[in-house]
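Me: I am new to this structure and should be grateful for a close look at a single part of it. Please begin with the charged contacts and then place them in their surroundings.

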Amino acid sequence: MTIATMLDLNTVHMPNSEPDFGKLRFAENEFGYVVWCIGDSSPLRDAIPSWLAPIMDEANAKGCMLINFDSAADVDSQFRIYDW
């Protein structure tokens, strides 16, 4: 059995309430969004929106399979905070 790692971030790290995830796979939920991570060798790598790139890099560095943007999650000062 494998347990997937997820990077959990507050929605303030998204540029707006309905961000553009480009061609990445994502799902909206009641409190935010879940985005599936892609590796450095993915053909979609160049399609990652600029706002999401540093977050995706951190998720990949930590071996995450998912990024969870949740309105109740912690704010991380290493990522840009948007005021919307």
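Reply: Asp57 is partly exposed, since its relative accessible area is 38%, a value that lies between the limits of 20% for buried and 50% for exposed. The model in which this value was computed is a predicted one. The partner of Asp57 in a salt bridge is Arg45, and the closest N and O atoms of the two are 2.1 Å apart. This pair links distant parts of the chain, with Arg45 in the loop between S3 and H1, Asp57 in helix H1, and their positions 12 residues apart.

Arg45 also meets the side chain of Asp40 in a salt bridge, at 3.8 Å from N to O. Asp40 is exposed, because its relative accessible area of 62% is over the 50% limit. Which residues are joined into one network by salt bridges that share partners? They are Asp40, Arg45 and Asp57.

A search of the whole structure finds 3 salt bridges. One of them joins Lys62 to Glu58, with the closest N and O atoms 3.1 Å apart. Glu58 has its place in helix H1, which covers residues 53-61. Is Glu58 buried or exposed? Glu58 is buried, because its relative accessible area is 19% and the limit for that class is under 20%. When residues up to four places away in sequence are not counted, Glu58 touches Leu7, Gln78 and Phe79.

The loop that holds Arg45 runs between S3 and H1, and strand S3 itself deserves attention next. Strand S3 spans residues 32-36, and 4 of its 5 residues are buried, so the strand is largely enclosed by the rest of the structure. Strand S2, residues 26-29, is joined to S3 by 4 bridges, and the two run antiparallel. Within this pairing, Asn29 stands opposite Gly32 in S3. S2 and S3 form a hairpin, and 2 residues lie between them.

S3 has a further pairing, with strand S4 (residues 66-70), in the antiparallel sense and over 5 bridges. In this pairing, Val34 of S3 faces its counterpart in S4, Asn68.

The aromatic residues add another set of contacts. The structure holds 6 aromatic pairs. In one of these, the ring centres of Phe21 and Phe69 are 6.5 Å apart and their planes are at 40°, so the pair is tilted. Here too the pair links distant parts of the chain: Phe21 belongs to the loop between strand S1 (6-10) and S2, whereas Phe69 belongs to strand S4, and they are 48 residues apart. Both Phe21 and Phe69 are buried. Phe21 and Phe69 also belong to one aromatic cluster, together with Phe26, Tyr33 and Trp51.

A final contact brings charge and ring together. The charged end of Arg25 sits over the ring of Trp36, at 4.2 Å from the centre of that ring.

To return to the starting point, Asp57 shares a salt-bridge network with Arg45 and Asp40, while Glu58 has its own salt bridge to Lys62.

Conventions
Residues are numbered from 1 along each chain as its sequence is written. This is a predicted model: local features need pLDDT of at least 70, side-chain atom pairs count only at pLDDT 80 or more; totals for chains, interfaces and linings use all residues. Side-chain values use heavy atoms; hydrogens and water are left out. Buried means under 20% relative accessible area, exposed over 50%, partly exposed in between (1.4 Å probe, protein chains only). Contact means heavy atoms within 4.5 Å. Two strands pair if DSSP finds at least two bridges between them. A salt bridge is a side-chain nitrogen of Lys or Arg within 4 Å of a carboxyl oxygen of Asp or Glu. Rings of Phe, Tyr and Trp (its six-membered ring) pair if their centres lie within 6.5 Å; planes under 30 degrees apart count as stacked, over 60 as edge-to-face and the rest as tilted. A charge sits over a ring if NZ of Lys or CZ of Arg is within 6 Å of the ring centre and within 35 degrees of the ring normal.
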